[in-house]
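Here is a set of exercises to work through with the structure open on your screen. Try each task before you read its solution.

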Amino acid sequence: MSKEVNVAMIGGGFMGKAHALAYAAMPMFFWPAPAIPRKRVIVDITDEMAEDARQRFSFDEASTDWRATIARDDVDVIDICTPNNMHAEIAIAAASAGKHILCEKPLARGAAEAKSMLDAVERAGVIHMVAFNYRRTPAIALAKTFIDDGRIGEIRNFRGTYLQDWSADPDGPLSWRFQKDIAGSGAVGDIGTHVVDIAHYLVGRISEVNAMTPAYIKTRPVQEGGLDKLGASEKNASARREPVDVEDEVISLLRFENGAVGSLEATRNAYGRNNFITLEIHGTKGSIHFNYERRDELQVMFADDPVDARGFRTIYTGPAHPYGDGLWPIPAIGIGYSETKIIECRDFFQAIASSTQPSPNFVDGYWCELVADALLKSGETGKWVGVKA
Ligand code: SOE
């Protein structure tokens, strides 16, 4: 019998949906489960939204009061699925109340805020995790296994991209993701940090950046109802427009602490690209290539293959690969976004059950924020900027 662990989730939007699904599905995939997440309380902005989310995601109770929810004795975990401006206040309160915390990415609106969250969880001794889910794609975890086993050799070069197109239309609605006081930054924080997390996971810490961070869409139509509708499908070009005060994209050269070099690109304005997270790694013994739009596949080249057989091979992830014991019994049957969240959920509850910190935790989230700050500063100054705690 696995123990039940009571979860309160704050925020019932896109991420709320992904996390609620993971809570329900995790024990179905990973059995015996490290714990059974019990969906105790869902918190949203209005009574109606909270009650809707309660029914939809099967929570026991709905609330609009996150502070009172954190104070409850029958809540063990606080899951933060709010916009970025609420992460710190909620996480610090949750840590002070001794609750374990899963926080959506990016951890904060910059390194200073992230540090205050890190200090709070370390003081409280609670388990903490940042929901950078893409590193839990089995093919990316397999790349990590090849790298750790030395099969790619010393890493010399990393290229990472995260390209989407949901904000390419300037008449697309003014999401909070375009407002600095809520989001902290634009493409850098929202999606660039996913690439930074993957780079840190596979290669090591980034030590220096040289970035361009152009901003070219200066205003957008105000969105009705405060909902976070990504993209222009429900656009209202005649609505009142308000300023966008974040960067549209980031392109940067990278240096890593271990001597590797690389590059990073992130934009939400690349027409035709949807969730185009790619990485290519070149080492002294081989290369790795991955594209999230084909996420069952890892492309690997081993330099010691016979010369007449050299080239990238395609490995379809399945039972022989990371997390394969819990996922599907046949390779290539289909890994999705949900699976990355289910794996994340498993690893978070495993960490709680074993009282060990998972990865990425708030330390990793803080280092991503240090890199994000360096990218923004470099974009402003046009100079190389070191990443320093
Ligand atoms: C929007 O760019 C977004 O929802 C990101 O915030 C998520 O982190 C990413 O996984 C999907 O796209």
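**Exercise 1.** Is leucine 375 buried or exposed? Work that out, then place the residue and list what it touches.

*Solution.* One thing to keep in mind throughout: this is a predicted model.

Step 1. Check the accessibility. The relative accessible area of leucine 375 is 1%, and the cut-off for buried is under 20%, so leucine 375 is buried.

Step 2. Find its element. Leucine 375 sits in helix α10.

Step 3. Look for its partners. Leaving out residues up to four places away in sequence, leucine 375 touches Val188, Val209, Ala211, Thr213, Val250 and Ser252.

Step 4. Try a distance. From the C-alpha of leucine 375 to that of proline 221, 154 residues apart along the chain, you should get 28 Å.

**Exercise 2.** Which residues have the most contacts inside the largest nonpolar core, and which helix gives the most to this core?

*Solution.* Step 1. Take the core as a whole. It has 111 residues, and Leu202, Ile288, Phe349 and Phe362 have the most contacts inside it.

Step 2. Turn to the helices. With nine residues, α10 (residues 362–381) gives the most to this core.

Step 3. Zoom in on leucine 202. Again skipping residues up to four places away, its contacts are Ile140, Ala143, Lys144, Ile147, Ile155, Leu279 and Ile281.

Step 4. Don't miss the other core. Another one, of five residues, lies apart from the largest, and its members include Leu174, Phe178, Val244 and Val246.

**Exercise 3.** Why is helix α6 largely enclosed by the rest of the structure?

*Solution.* Step 1. Go through the helix, residues 138–148. The buried ones are Pro138, Ala139, Ile140, Ala141, Leu142, Ala143, Phe146 and Ile147.

Step 2. Set that against its length. Eight of the 11 residues of α6 are buried, so the rest of the structure largely encloses this helix.

Step 3. See what comes after. Glycine 150 follows α6 and has a positive phi, near 80°.

**Exercise 4.** How many disulfides does a search of the whole structure find?

*Solution.* Step 1. Run the search: the count is zero.

Step 2. Check cysteine 81. Its closest cysteine sulfur, in cysteine 103, is 8.6 Å away, which is too far for a bond. A disulfide would need the two sulfurs within 2.5 Å.

Step 3. Do likewise for cysteine 368. Its nearest cysteine sulfur also belongs to cysteine 103, 12 Å away, and cysteine 368 is in no disulfide.

Step 4. Add accessibility. Cysteine 81 counts as buried at 10% relative accessibility, and cysteine 368 counts as buried at 0%.

**Exercise 5.** How many cavities of 30 Å³ or more does a search of the whole structure find, and which residues line the second largest cavity?

*Solution.* Step 1. Count them. The search gives two.

Step 2. Start with the largest. It holds about 70 Å³ of space. Its lining has 14 residues, and Thr317, Gly318, Leu327, Trp328 and Ile335 are the closest to its centre. By class, eight of the lining residues are nonpolar, five polar and one charged.

Step 3. Move to the second largest, with about 40 Å³ of space. His19, Ala22, Tyr23, Leu102, Lys341, Glu344 and Cys345 line it. Helices α1 (14–29) and α9 (337–354) each supply at least two of those residues.

**Exercise 6.** Where in the chain does proline 32 lie, and what is the phi of tyrosine 323?

*Solution.* Step 1. Keep the general rule in mind: most residues other than glycine have a negative phi, and most peptide bonds are trans.

Step 2. Inspect the prolines. The bond from tryptophan 31 to proline 32 is cis, with omega near 0°, and proline 32 lies in the loop between α1 and β2 (36–43). The bond from lysine 105 to proline 106 is cis too, with omega near -15°.

Step 3. Now the phi angles. Tyrosine 323 has a positive phi, near 70°, in the loop between β16 (313–316) and α9. Serine 355 also has a positive phi, near 50°, in the loop between α9 and α10.

Step 4. Compare their surroundings. Tyrosine 323 is buried at 16%, whereas serine 355 counts as exposed at 61%.

Technical notes:
Residues are numbered from 1 along each chain as its sequence is written. This is a predicted model: local features need pLDDT of at least 70, side-chain atom pairs count only at pLDDT 80 or more; totals for chains, interfaces and linings use all residues. Side-chain values use heavy atoms; hydrogens and water are left out. Buried means under 20% relative accessible area, exposed over 50%, partly exposed in between (1.4 Å probe, protein chains only). A nonpolar core is a set of buried Ala, Val, Leu, Ile, Met, Phe, Trp, Tyr and Cys residues joined through side-chain atoms within 4.5 Å. Helices (H or I, at least four residues) and strands (E, at least two) are DSSP runs, numbered from the N terminus. Contact means heavy atoms within 4.5 Å. On a 1 Å grid over the protein atoms alone, a cavity is a set of points where a 1.4 Å probe fits but cannot get out, and a pocket is an open set with protein on both sides within 12 Å along at least five of seven lines; lining residues have an atom within 4 Å of a point. Grid points are joined across faces, edges and corners, and a volume is the space filled by probe spheres set on the points. Ala, Val, Leu, Ile, Met, Phe, Trp, Tyr, Cys and Pro count as nonpolar, Asp, Glu, Lys and Arg as charged, and the others, Gly among them, as polar.
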